[in-house]
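Work through the two exercises below with the coordinates open, and follow each solution step by step.

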Amino acid sequence: MPRPDLLIFGGTGLLGSALIDTASRAGLTVAATTHRQEPDPEAAVARWVPVELSRAGESARLIGSLRPRAAINAAYVPSGPDLERVTAEAPGEMAASCRLEGVRFVHVSSDIVFDGTSARPYVESDPVCPLHDYGRAKARSEQLVAAADPDA
């Protein structure tokens with residue numbers, strides 16, 4: 001496959017699948033990662049690449065070998081022993097690798113970084129106040145991504 005237009009981390013998830021569908025309908029070439037969940041055979045529009053984000057350096061290796069034009073991180077682990085590594089640390093590595101390779105990077109976070117007590121919708125400048133480990137990992141991922149690539 002030639003250099004893909006887009007690399008989607010977490011391609012088998014709900015968001016990743018929707019991103020693949022949207023990108024392929026727009027005529028973009030897509031590479032997407034899979035880990036535990038098998039890709040939908042109907043979704044053969046992506047080049048599927050197995051990745052183990054719980055291992056340091058895996059995302060950098062993949063970004064360096066594929067050199068996509070852009071990468072989107074929709075991968076996460078909501079709980080368990082790989083939570084911090086995959087949900088917080090790997091996105092920071094992705095951002096650093098993308099910056100090094102000249103690849104545009106988009107990191108998807110969540111409103112779970114807030115405590116839900118605001119009477120108005122949250123905005124990006126609101127202080128984070130996560131209530132559980134997953135929310136804390138997502139908040140940390142935002143910090144690591146911003147430090148590695150302020151343009152992400």
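Rings of Phe, Tyr and Trp (its six-membered ring) pair if their centres lie within 6.5 Å, and planes under 30 degrees apart count as stacked, over 60 as edge-to-face and the rest as tilted. This is a predicted model, in which local features need pLDDT of at least 70 and side-chain atom pairs count only at pLDDT 80 or more, while totals for chains, interfaces and linings use all residues. Residues are numbered from 1 along each chain as its sequence is written, and side-chain values use heavy atoms, with hydrogens and water left out.

**Exercise 1.** Find the aromatic pairs and classify each of them.

*Solution.* The structure holds 2 aromatic pairs. Y76 and Y134 are tilted, at 5.7 Å centre to centre with 55 degrees between the planes. Because Y76 lies in the loop between β4 (70-73) and α3 and Y134 in helix α4, this pair ties together parts that are 58 residues apart in sequence. For F114 and Y122 the ring centres are 4.1 Å apart and the planes at 0 degrees, so this pair is stacked.

**Exercise 2.** Decide whether F114 is buried or exposed, and do likewise for Y122.

*Solution.* Buried means under 20% relative accessible area, exposed over 50%, and partly exposed in between (1.4 Å probe, protein chains only). F114, at 12% relative accessibility, therefore counts as buried, whereas Y122, at 28%, counts as partly exposed. Turning to the tilted pair, Y134 is buried with a relative accessible area of 17%, while Y76 is partly exposed at 46%.

Technical notes. Helix = DSSP H or I, 4+ residues; strand = E, 2+ residues; numbered from the N terminus.
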